[in-house]
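Trainee: Please take one part of this structure and go through it closely with me. I would like to start inside the protein and work outwards from there.

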Amino acid sequence: MATASTCRTLLLAVVVLTAQLCGCTAYVGVDGFSVEFIHWDSVKSPYHDPALTAHDRVLAAVRRSTARAAALARSYVGGEGAVSEVVSRPFEYLMAVNVGTPPTRMLAIADTGSDLVWFECAPRIAAARAAPLSAVFNPSSSSTFGRVGCNSGACHALYGTSCDASSNCQYLRSYGDGSKTSGLLSTETFTFESIPGGCPGCRGHPYVLVPNVSFGCSTSTNGTFVVDAMVGLGAGNSSLIGQLGAHTSLGRRFSYCLVPYTVKNASSALNFGDRAAVTEPGAATTALVRSEFEAYYTVELESVRIGNASFEHLSRVIVDSGTPLTFLDKALVDPMVQELTRRIGTGFPKVPSPQEPLQLCYDVGGPARQYSFSKSVPDVTLYLAVFGEAVTLKAENTFVEAQEGIMCLAVAPVTEKHPRSILGNLAQQNMHVGYNLDKGTVTFAPADCASSYNSLPVPG
């Protein structure tokens with residue numbers, strides 16, 4: 001068996017299996033792994049509010065959608081070289097990362113719209129606000145912590161960097177809502193706890209160790225941050241995906257399978273390396289196209305079909321796990337609403353929307369009637385350009401229960417406030433969505449996300 005020092009020199013991910021009885025550690029190479037993708041409203045999330053009803057949570061997600069959509073539209077390279085991207089507050093999914101040696105468990109926003117990995121570090125300078133729910137990382141307690149020089153490639157790959165007096169790489173990251181975080185670009189060993197079944201061939205709960213990951217060690221934050229940690233999963237070179245591709249054998253590949261909001265006893269899965277391969281029947285692959293902002297995953301939508309009705313309108317759409325609702329051009333949404341209204345018929349009374357921008361709402365009554373309603377909702381098929389593939393959205397992807405017995409269309413029109421088209425996470429429920437930056441593609445396949453990936457059960 002290879003020694004620990006030999007394994008640390010390899011540019012590949014390794015699994016650390018801790019044998020507690022003998023107090024030893026073994027190192028084994030892996031081709032892929034899966035971790036928990038924790039939803040904002042999950043009982044495993046520190047933001048879970050048990051006082052909220054399921055419908056309260058849906059309406060809160062709608063409000064987060066509008067804030068997120070507006071922020072995606074505001075993303076740009078701003079003054080002083082700082083990058084304005086998304087907002088610091090609205091997010092949907094979290095992931096745990098163990099940082100350093102010995103490891104500190106950090107709970108971070110996992111964001112497909114960001115390309116920077118950063119954690120709050122001690123000592124910290126912050127505006128007066130509530131104590132962070134995530135841990136604060138102390139670099140002085142870790143034997144594997146390092147600084148990044150300001151002349152390094154990692155420093156040059158980020159916008160908004162400069163040199164401090166010791167030639168360390170300083171960074172400043174500004175967000176669309178005015179929040180800011182700054183500190184020193186650093187390197188550390190990241191350890192990921194793989195979910196059961198998430199590392200084939202490994203025993204029990206293996207830990208996947210990746211050395212020398214570049215991240216922002218933030219010592220100054222101000223604004224509306226509710227989590228003082230972020231793992232950028234965007235398409236940029238500085239994101240976790242970019243770094244895994246550059247420094248490990250895993251490649252620039254990841255996927256997720258989002259459990260529907262209505263399922264309370266399972267977690268979603270976030271997969272890397274070979275585990276990110278989308279092999280389910282009915283998989284549809286399309287090319288990623290150039291975006292105005294490097295971090296965003298963007299595809300071209302050619303048309304929408306409902307039954308025999310087809311609506312053509314070429315548009316670029318951001319595939320985003322952080323926005324619940326889907327936003328499409330009005331030229332598509334208006335005829336969609338008309339066709340859905342015609343096909344659903346008059347068996348269910350229309351009611352006013354309980355929350356903008358939700359529309360086309362129906363009173364469907366109790367569970368039996370809800371089942372009948374879902375059967376009356378036709379499939380909505382998205383035809384993607386480049387490869388000519390199609391992604392089919394079922395009723396659970398297009399309608400959401402906004403109040404008890406009230407089902408509303410989860411697709412809203414693009415507006416001046418929300419001018420970007422977005423394929424949101426409701427539309428991606430029960431789909432295995434895989435991103436392959438090495439091939440420049442994204443793949444969608446129908447899947448039973450609550451059972452396909454041995455998701456960890458949620459207590460209670």
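Mentor: Start at Phe192, and remember that this is a predicted model. Leaving aside residues up to four places away in sequence, Phe192 touches ten others that we can take in order. From the early part of the numbering come Phe33 and Val35. Then come Met95, Ala96 and Val97. Pro206, Tyr207, Val208 and Val210 follow, and Leu240 completes the list.

Those contacts have a setting. Phe192 belongs to the largest nonpolar core, which has 75 residues. Within that core, Phe192 is among the four residues that touch the most other members. The other three are Phe119, Phe272 and Phe399. Helix 5, residues 330–344, gives this core its largest share, with six residues. Another core lies apart from it and holds 18 residues, including Cys361, Cys408, Ala412 and Val414. There is a general pattern to keep in mind: in soluble globular proteins, nonpolar side chains tend to be buried together.

Now move along the chain to Leu184. Leu184 lies in strand 12, which covers residues 180–193. Is Leu184 buried or exposed? Its relative accessibility is 16%, and buried means under 20%, so Leu184 counts as buried. Look at what surrounds Leu184. Again not counting residues up to four places away in sequence, Leu184 touches Arg147, Asp164, Asn168, Cys169, Gln170 and Tyr171. Leu184 also touches Phe215, Gly216 and Cys217. Take the last of these, Cys217. Along the chain, Leu184 and Cys217 are 33 residues apart. In space, their C-alpha atoms are separated by 5.4 Å.

Step back to the whole chain for a moment. The chain has 460 residues, and 57% of them are buried. It contains eight helices and 30 strands. Count the contacts between residues at least 6 apart in sequence: 68% of them join residues at least 24 apart. The chain exposes about 18,700 Å², and carbon and sulfur atoms supply 52% of that area.

Next, look for empty space inside. There are four cavities of 30 Å³ or more. The largest cavity has a volume of about 80 Å³. Its lining is made of Val299, Leu301, Val317, Val319, Leu382, Leu384, Val391, Leu423 and Phe444. By class, that is nine nonpolar residues, with no polar and no charged ones. Three strands each supply at least two residues of this lining: strand 18 (298–306), strand 19 (309–319) and strand 23 (380–384).

The second largest cavity has a volume of about 40 Å³. Val58, Ala61, Val62, Tyr261, Pro324, Leu325, Val400 and Leu426 line it. Helix 2, residues 54–74, gives the most to this lining, with three residues. By class, the lining has eight nonpolar residues, no polar and no charged.

Now turn to the largest pocket. About 860 Å³ of space lies in it. Of the 37 residues that line the pocket, Pro260, Tyr261, Thr262, Val263 and Lys264 are the closest to its centre. Several elements give two or more residues to this lining, among them helix 2, helix 6 (367–376) and strand 25 (399–403). Here the classes are mixed: 20 residues are nonpolar, 12 are polar and five are charged. You have already met Tyr261, in the lining of the second largest cavity.

Finish with the backbone. Most residues other than glycine have a negative phi, and most peptide bonds are trans. Check four places against that. A cis peptide bond joins Thr101 and Pro102, with omega about 0 degrees. Pro102 sits in the loop between strand 6 (93–99) and strand 7 (104–111). A cis bond also joins Ala122 and Pro123, with omega about -5 degrees. Pro123 is in strand 8, residues 117–126.

The other two places concern phi. Asn212 is not a glycine, yet its phi is positive, about 60 degrees. Asn212 lies in strand 13, residues 207–222. Its relative accessible area is 53%, so Asn212 is exposed. Asn430 is not a glycine either, and has a positive phi of about 55 degrees. Asn430 lies in the loop between strand 28 (421–423) and strand 29 (431–436). Its relative accessibility is 17%, so Asn430 counts as buried.

Terms used:
Residues are numbered from 1 along each chain as its sequence is written. This is a predicted model: local features need pLDDT of at least 70, side-chain atom pairs count only at pLDDT 80 or more; totals for chains, interfaces and linings use all residues. Side-chain values use heavy atoms; hydrogens and water are left out. A nonpolar core is a set of buried Ala, Val, Leu, Ile, Met, Phe, Trp, Tyr and Cys residues joined through side-chain atoms within 4.5 Å. Buried means under 20% relative accessible area, exposed over 50%, partly exposed in between (1.4 Å probe, protein chains only). Helices (H or I, at least four residues) and strands (E, at least two) are DSSP runs, numbered from the N terminus. Contact means heavy atoms within 4.5 Å. Accessible areas come from the Shrake-Rupley method with a 1.4 Å probe; for residues, only the protein chains shown count as cover. On a 1 Å grid over the protein atoms alone, a cavity is a set of points where a 1.4 Å probe fits but cannot get out, and a pocket is an open set with protein on both sides within 12 Å along at least five of seven lines; lining residues have an atom within 4 Å of a point. Grid points are joined across faces, edges and corners, and a volume is the space filled by probe spheres set on the points. Ala, Val, Leu, Ile, Met, Phe, Trp, Tyr, Cys and Pro count as nonpolar, Asp, Glu, Lys and Arg as charged, and the others, Gly among them, as polar.
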